[in-house]
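New to this one? Here is a quick, friendly briefing to read with the structure open beside you.

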Amino acid sequence: MENVKISDDIIKRMENDRFIKYCGVKLDEIKPGYARASLEVQDIHLNGVNIIQGGVLFTLADFTFAAAANSRGKVAVAIESSISFIKGISSGKIIAEAQELSCKKTLARYDVRISTDNGELIAVYHGTAFRKD
């Protein structure tokens, strides 16, 4: 792994995501090719059957993916993504970890795993980013 300091511009870009703030997502860690974010599940995150709404999980995963994809200093935007829901939960802290699978000049691929704070898998997200010049 490269020994690269994440620039303040990248951190500010991630922290300036207004929708993420509204949802209650927190960026916990970012380093080249990797990011971790978390969310305390609240009543507003639950759907009609009292489990976490799929869009909340997608939002958490997509943001964590974006942080990892932008961590190398180039602006990166999603061009493809998918999520598989494994287990529904109704409370507690959830953690998303994005891991880079490949990073080329214009395309990069990431997997994001969302788990409870005790490691129980909730969802798996896959994303491809276009890296702008």
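What follows is a short tour of the core, the main pocket and a handful of single residues.

Keep in mind that this is a predicted model. The largest nonpolar core has 34 residues, and Val25, Ile94 and Ile114 are the ones that touch the most other members. The largest pocket holds about 230 Å³ of space.

**The nonpolar core**

- Several elements chip in with at least two residues each: helix 1 (8-15), helix 2 (18-23), strand 2 (34-41), helix 3 (54-70), strand 4 (92-103), strand 5 (107-116) and strand 6 (121-131).
- Helix 3 is the top contributor to this core, giving 9 residues.
- Ile94 is a good place to start looking around: leaving out residues up to four places away in sequence, Ile94 touches Ala37, Ser38, Leu39, Val41, Ile52, Leu57, Leu60, Ile89, Ile114, Ser115, Thr116 and Ile122.

**Ser38, a contact of Ile94**

- Ser38 sits in strand 2, and with a relative accessible area of 5% it counts as buried, because the cut-off for buried is under 20%.
- Along the chain, Ser38 and Ile94 are 56 residues apart, yet their C-alpha atoms are 5.6 Å apart in space.
- Beyond four places in sequence, Ser38 touches Gly24, Val25, Lys26, Asp28, Leu60, Lys93, Ile94 and Ile95.
- With Asp28 there is also a polar contact, side chain to side chain, at 2.8 Å.

**Ser115, another contact of Ile94**

- You'll find Ser115 in strand 5.
- Ser115 is buried too, at 13% relative accessible area.
- Setting aside residues up to four places away in sequence, its contacts are Lys93, Ile94, Ile95, Glu120, Leu121 and Ile122.
- Lys93, Ile94 and Ile95 are therefore touched by Ser38 as well as by Ser115, and both of these serines count as buried.

**Thr64 in helix 3**

- Thr64 belongs to helix 3, and its relative accessible area is 0%, so it is buried.
- Skipping neighbours within four places in sequence, Thr64 is in contact with Ala35, Arg36, Ala37, Ala96, Glu97, Ala98 and Val112.
- From Thr64 to Val75 is 11 residues along the chain, and 14 Å separates their C-alpha atoms.

**The largest pocket**

- The pocket is lined by 16 residues, and Met14, Asp17, Asp62, Phe63 and Ala66 are the closest to its centre.
- Helix 1, helix 3 and strand 3 (76-85) each bring at least two residues to the lining.
- Helix 3 leads here as well, with 7 lining residues, the largest share.
- Sorted by class, the lining counts 11 nonpolar, 2 polar and 3 charged residues.

**Phe85 in strand 3**

- Phe85 is part of strand 3.
- Not counting residues up to four places away in sequence, Phe85 touches Gly54, Leu57, Ile122 and Ala123.
- Leu57 and Ile122 also turn up among the contacts of Ile94.
- Phe85 and Ala98 are 13 residues apart along the chain, with 16 Å between their C-alpha atoms.

**Partly exposed spots**

- Asn50 lies in the loop between strand 2 and helix 3.
- Asn50 isn't a glycine, but it has a positive phi of about 65°.
- At 49% relative accessibility, Asn50 counts as partly exposed, because exposed means over 50%.
- Ser7 comes in the segment before helix 1, and at 31% relative accessible area it is partly exposed.
- Ser7 and Lys31 are 24 residues apart in sequence, and their C-alpha atoms are 9.9 Å apart in space.

Methods:
Residues are numbered from 1 along each chain as its sequence is written. This is a predicted model: local features need pLDDT of at least 70, side-chain atom pairs count only at pLDDT 80 or more; totals for chains, interfaces and linings use all residues. Side-chain values use heavy atoms; hydrogens and water are left out. A nonpolar core is a set of buried Ala, Val, Leu, Ile, Met, Phe, Trp, Tyr and Cys residues joined through side-chain atoms within 4.5 Å. Buried means under 20% relative accessible area, exposed over 50%, partly exposed in between (1.4 Å probe, protein chains only). Helices (H or I, at least four residues) and strands (E, at least two) are DSSP runs, numbered from the N terminus. Contact means heavy atoms within 4.5 Å. A polar contact is a pair of N or O atoms within 3.5 Å; within protein, one must be able to donate a hydrogen and the other to accept it, and residues adjacent in sequence count only if both atoms are side-chain atoms. On a 1 Å grid over the protein atoms alone, a cavity is a set of points where a 1.4 Å probe fits but cannot get out, and a pocket is an open set with protein on both sides within 12 Å along at least five of seven lines; lining residues have an atom within 4 Å of a point. Grid points are joined across faces, edges and corners, and a volume is the space filled by probe spheres set on the points. Ala, Val, Leu, Ile, Met, Phe, Trp, Tyr, Cys and Pro count as nonpolar, Asp, Glu, Lys and Arg as charged, and the others, Gly among them, as polar.
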